[in-house]
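Work through the two exercises below with the sequence and the structure open beside you. Try each task on your own before you read its solution.

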Amino acid sequence: MTRPRAAITAVHGHLPDYILTNQELEQMVDTTDEWISTRTGIKERRILKGEGLATSDMGAEAVKGLLDKAGVRPDEVDFVLCATVTPDMKFPATANLISHKAGILNAFSYDMNAACSGFLYALTTAASFVESGKYKKVVVVGADKMSSIVDYTDRQTCVLFGDAACAVLLEPTTEEVGVMDHQFATDGSGYVHLHMKAGGSLKPPTYDTIDAREHYIYQEGQAVFKFAVTKMAGASLDLMKANNIPAEELAWLVPHQANMRIIEATGRRMGVPNEKVMVNIQKYGNTTNATIPLCLWDYEKQLNKGDNLILTAFGGGFTWGAIWLKWAY
Ligand code: ACO
């Protein structure tokens, strides 16, 4: 018997109501709308406000909407995989809390952390469960409350990130659609440029780590920028070459939304014109694990069955990679 492929059969997101604009950031740190717009492409981002609300609350809303949309009952879901760098707690996994809040009772669930590449790594992991033939309804959630690890006194990082969640449903198919191939890589030496200094087993929280503001994102922007462009374009081109897909046959490039200049440079290197590159960074900023599914959600009406998509991301680790996906509906 031939193995099924794993196809995305629905996508649904959740965005918190609060909109943090560049103008509001101008009141918080020494920055300008002009700097943020020209250097990053971001105009506004969403922030999850409210006591006791966390990543799982956004994830659960996205999953509930997803199941409604797909006409799938929560008890039919087999597996929930959550990609996040901002879990509600160190344990248990946020995926478990999402399942609980979404009324999913018959599934197993856990989290994955590959920073901004997390959604892509999670998508291929979940796809292999579907391809095994054993699992029929698998949910992949990319969710991050980045505002919980952003230092709003640091102008170099606080303008970049936003909060959001977005989920996809994966189901088996015998058609030539779905997750077709992928190319991933990791370089752990890159951690020096992008990490959180304290809060892990290396440096558990103390009064000193809090005073030194070490529980926030630390990023050397320029170093990350250079790697991001080369690695996203490189992985995507390698994947296209291995599968004989010329740039003209791509319907869409779906890049991680970290910086408009990174997105444009990646598209240029790959020979993909701007009108075929999904972009929503202006509205949401970098939502880490939610950026790629949020693009699919925003552009869903423009997608057609059989469209060739390249999804590509780069993030802390360093981690990077690309997926070739054929849209299934
Ligand atoms: N407003 C005004 N000025 C600022 C701001 C700001 N918000 N932030 C930095 N500046 C200043 C700097 O202090 C510097 O001033 P100086 O020349 O007087 O020293 C100047 O602007 C230029 O700073 P650069 O860091 O060189 O600016 P750059 O053009 O590189 O843009 C940015 C910075 C936006 C962070 C960019 O480097 C970037 O996008 N990097 C990649 C981010 C990324 O892809 N991250 C990966 C994913 S995140 C994850 O995995 C969790």
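The exercises that follow concern a predicted model, and each is solved step by step.

**Exercise 1.** Describe how the protein surrounds the ligand, going from single residues to helices, strands and domains.

*Step 1.* Begin with the residues: there are 26 around the ligand, and those that come nearest are Thr-31, Cys-116, Gln-222, Asn-259 and Arg-261.

*Step 2.* Look next for polar contacts, for which two N or O atoms must lie within 3.5 Å. The side chain of Thr-31 has an N or O atom 2.6 Å from a nitrogen atom of the ligand, and a backbone N or O atom of Gly-221 is 3.1 Å from a ligand nitrogen atom. An oxygen atom of the ligand lies 2.7 Å from an N or O atom in the side chain of Asn-259.

*Step 3.* Consider the cover: on its own the ligand has 1,000 Å² of accessible area, of which the protein covers 78%.

*Step 4.* Sort the shell by kind and by origin. Twelve of its residues are nonpolar, ten are polar and four are charged. The largest share, four residues, comes from α8, while domain 1 (5–176) and domain 2 (180–326) each give at least three residues.

**Exercise 2.** Work out how the sheet that contains β12 is arranged.

*Step 1.* Write down the order of the four strands, β8-β13-β12-β11, which form an open sheet with mixed pairing.

*Step 2.* Find the edges, which are β8 (178–186) and β11 (252–255), each pairing on one side only.

*Step 3.* Examine one pair: β11 and β12 run parallel and are joined by four bridges, and Val-254 stands opposite Leu-311 in β12.

Notes:
Residues are numbered from 1 along each chain as its sequence is written. This is a predicted model: local features need pLDDT of at least 70, side-chain atom pairs count only at pLDDT 80 or more; totals for chains, interfaces and linings use all residues. Side-chain values use heavy atoms; hydrogens and water are left out. A residue is near a molecule or strand if one of its heavy atoms lies within 4 Å of it. A polar contact is a pair of N or O atoms within 3.5 Å; within protein, one must be able to donate a hydrogen and the other to accept it, and residues adjacent in sequence count only if both atoms are side-chain atoms. Accessible areas come from the Shrake-Rupley method with a 1.4 Å probe; for residues, only the protein chains shown count as cover. Helices (H or I, at least four residues) and strands (E, at least two) are DSSP runs, numbered from the N terminus. Ala, Val, Leu, Ile, Met, Phe, Trp, Tyr, Cys and Pro count as nonpolar, Asp, Glu, Lys and Arg as charged, and the others, Gly among them, as polar. Domain bounds come from an automatic or database domain assignment. Two strands pair if DSSP finds at least two bridges between them.
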